[in-house]
Amino acid sequence: MRLWTAVVLGVFSLPVFGQVQIEEPWIRATTPGAKVAAGYMTIRNKSAQPERLVGGSSPVAARVETHIHIKEGDVVRMREVKGYDIPANGVFELKPGGAHLMLVDVKRPLKEGDKVPLVLKFEKSGEVKVDFEVRPLVSAHKEHSH
């Protein structure tokens, strides 16, 4: 009976996977010699529990950091943060001029059309592998660039 109870409790205490959905992951192309690149996406949390993106990694960069833009007077600055909170049954958007992933010490130029593999690390959902599409350096919308 104890074994059965342990098995049942173990099954019901496993983390829920597949509750995080990544939509439209993309990275802005880089110029030759650039050491950083910015990544964007929409994170959809299908769980009834809040989630948190705490970091990531990629073979094309030494590290992947979570950043935000903060306006201080007339100056907009980037600041690293410890992660992003994704509300229960909610959405968090990483977009130009706001929250974004910063790929630091990029090992090669990222060209339009490339696919860049990233592993996103979530507190509850664990690691999620995502291929980011490299889009043009300057878009038709003239979005803010780094």
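This short presentation describes a predicted model of a single protein chain, from its overall make-up to selected contacts.

Good morning, colleagues. I begin with confidence. The chain averages a pLDDT of 87, and 83% of the residues score at least 70. Two stretches call for caution. Over residues 3-16 the pLDDT is below 50, and that stretch has 2 contacts in the model beyond near neighbours in sequence. Residues 140-146 also have a pLDDT below 50, with 14 contacts beyond near neighbours in sequence.

Turning to the overall architecture, the chain contains 1 helix and 10 strands. Along the sequence, the order of elements reads α-β-β-β-β-β-β-β-β-β-β. If we take the contacts between residues at least 6 apart in sequence, 67% of them join residues at least 24 apart. The chain has 146 residues, of which 38% count as buried. The exposed surface amounts to about 8800 Å², and carbon and sulfur atoms supply 56% of that area.

I would now draw your attention to strand S3, which covers residues 51-57. Why can S3 be described as largely enclosed by the rest of the structure? The reason is that 5 of its 7 residues are buried. On pairing, S3 is joined to strand S6, residues 84-86, by 3 bridges, and the two run antiparallel. Within that pair, Glu51 stands opposite Ile86 of S6. S3 also pairs with strand S9, residues 115-122, in the antiparallel sense, here over 4 bridges. In that second pairing, Leu120 of S9 is the bridge partner of Gly56.

Next, the charged side chains. As general background, side chains of opposite charge can pair when their charged atoms come close. The structure holds 10 salt bridges, and I shall discuss some of them.

One of these links Glu23 and Arg44, with the closest N and O atoms 2.7 Å apart. This pair connects distant parts of the chain: Glu23 lies in strand S1, residues 20-28, and Arg44 in strand S2, residues 36-45, with their positions 21 residues apart in sequence. Arg44 has a relative accessibility of 32% and therefore counts as partly exposed.

Another salt bridge is formed by Glu72 and Arg79, whose closest N and O atoms are 3.1 Å apart. Glu72, at 33% relative accessibility, counts as partly exposed. Its partner Arg79 is likewise partly exposed, with a relative accessible area of 38%.

A further example is the salt bridge in which the side chains of Arg108 and Asp114 meet, at 3.4 Å from N to O. Arg108 has a relative accessible area of 36% and is partly exposed. For Asp114 the figure is 23%, and this residue is also partly exposed. Elsewhere, salt bridges that share partners join Glu24, Glu133 and Arg135 into one network.

My last item is His100, which is placed in strand S8, residues 100-106. Is His100 buried or exposed? The relative accessible area of His100 is 0%, and the threshold for buried is under 20%, so His100 is buried. Which backbone oxygen does the side chain of His100 reach? The side chain of His100 reaches the backbone oxygen of Gly98, at 2.9 Å.

To close, I return to two points. S3 is largely enclosed, with 5 of its 7 residues buried, and it pairs in the antiparallel sense with S9. The stretches 3-16 and 140-146 have a pLDDT below 50. Thank you for your attention.

Key: Residues numbered from 1 in each chain as written. Predicted model: local features only at pLDDT ≥ 70, side-chain atom pairs only at ≥ 80, totals over all residues. Heavy atoms only, no water. Buried < 20%, exposed > 50% of the residue type's maximum accessible area, 1.4 Å probe, protein only. Pairing = 2+ DSSP bridges. Salt bridge = Lys/Arg side-chain N within 4 Å of Asp/Glu carboxyl O. Polar contact = N/O pair within 3.5 Å; in protein donor to acceptor, adjacent residues only side chain to side chain. pLDDT = per-residue confidence, 0-100. Contact = heavy atoms within 4.5 Å. Areas by Shrake-Rupley, 256 points an atom, 1.4 Å probe, with all protein chains shown as cover.
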